[in-house]
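Work through the exercises below with the sequence and the 3D view open. Try each task before reading its solution.

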Amino acid sequence: QVQLVESGGGLVQPGGSLRLSCAASGNFWSINDMGWYRQAPGKERELVASITRGGSTNFGDSVKDRFSISRDNAKNTVYLQMNSLKPEDTAVYYCNAVIFETSRRRIDSWGQGTQVTVSS
């Protein structure tokens, strides 16, 4: 069974920074894309950023110039560096990974979510 464990959320003032981490554990064959989504109260879940195994990245329009994403394939971990945070970045952030449990069995795995609150 695959688990995604997130860490790094919390309360930060506007203009501040936070770094989220998400580590995959369990038995699996490989991990393809990894990424972060967020969901604010009353809103739909939206893509924040994603990264392929080879390092190609994709960002949501609202975070493009402020957030960066990276991964360590040896540690099965993805990171989200969030800079210049705004109150509208407040949300629960979810880690996502496309995982092959075997060479033929693919699953879409989610973390439990970590709260990020941007407020003075």
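The model used here is predicted.

**Exercise 1. Which residues lie nearest the centre of the largest pocket, and how do the lining residues divide by type?**

Solution.
- Step 1. Find the pocket; its volume is about 160 Å³.
- Step 2. List the lining. It consists of 13 residues, and Arg-38, Ala-40, Lys-43, Glu-46 and Glu-88 are the ones nearest the centre.
- Step 3. Sort the lining by type: eight residues are charged, three are polar and two are nonpolar.

**Exercise 2. In what order do the four strands of the open sheet stand, and which strands are at the edges?**

Solution.
- Step 1. Recall how strands are held together: in a sheet they pair through backbone hydrogen bonds, in a parallel or an antiparallel way.
- Step 2. Read the order across the open sheet, which is β1-β3-β8-β7, with antiparallel pairing.
- Step 3. Look for strands with a single partner. β1 (3-7) and β7 (67-72) each have one, so one side of each has no neighbour in the sheet.
- Step 4. Compare directions: ignoring which way the strands run, neighbours in this sheet are turned by 15 degrees against each other on average.
- Step 5. Take one pair in detail. β7 and β8 (residues 77-82) run antiparallel and are joined by six bridges. Ser-70, for example, has Tyr-79 in β8 as its bridge partner.

**Exercise 3. Is Lys-75 buried or exposed? Is Ala-91 buried or exposed?**

Solution.
- Step 1. Place Lys-75: this residue sits in the loop between β7 and β8.
- Step 2. Apply the cut-off for exposed residues, over 50%. The relative accessible area of Lys-75 is 55%, so Lys-75 is exposed.
- Step 3. Place Ala-91, which belongs to strand β9.
- Step 4. Apply the cut-off for buried residues, under 20%. Ala-91 has a relative accessibility of 2% and therefore counts as buried.
- Step 5. Set sequence against space. Ala-91 and Arg-45 are 46 residues apart in sequence, and their C-alpha atoms are 9.5 Å apart. For Lys-75 and Gly-35, the separation is 40 residues in sequence and 15 Å between C-alpha atoms.

**Exercise 4. Which element gives the largest share of the largest nonpolar core?**

Solution.
- Step 1. Start from a general tendency: in soluble globular proteins, nonpolar side chains tend to be buried together.
- Step 2. Describe the core. It has 29 residues, and Trp-36, Leu-80, Met-82 and Tyr-93 have the most contacts inside it.
- Step 3. Name the elements that give two or more residues: β3 (18-25), β4 (30-39), β5 (46-51), β7, β8, β9 (91-100) and β11 (114-118).
- Step 4. Pick out the largest share, which is the five residues from β9.

How values were computed: Residues numbered from 1 in each chain as written. Predicted model: local features only at pLDDT ≥ 70, side-chain atom pairs only at ≥ 80, totals over all residues. Heavy atoms only, no water. Pairing = 2+ DSSP bridges. Axes fitted to C-alpha atoms, helices over the stretch in contact; angles between N-to-C directions. Buried < 20%, exposed > 50% of the residue type's maximum accessible area, 1.4 Å probe, protein only. 1 Å grid on protein atoms, 1.4 Å probe; cavity = no way out; pocket = protein on both sides within 12 Å on 5 of 7 lines; lining within 4 Å. Points joined across faces, edges and corners; volume = space filled by probe spheres on them. Nonpolar A, V, L, I, M, F, W, Y, C, P; charged D, E, K, R; others polar. Core = buried A, V, L, I, M, F, W, Y, C linked by side-chain atoms within 4.5 Å.
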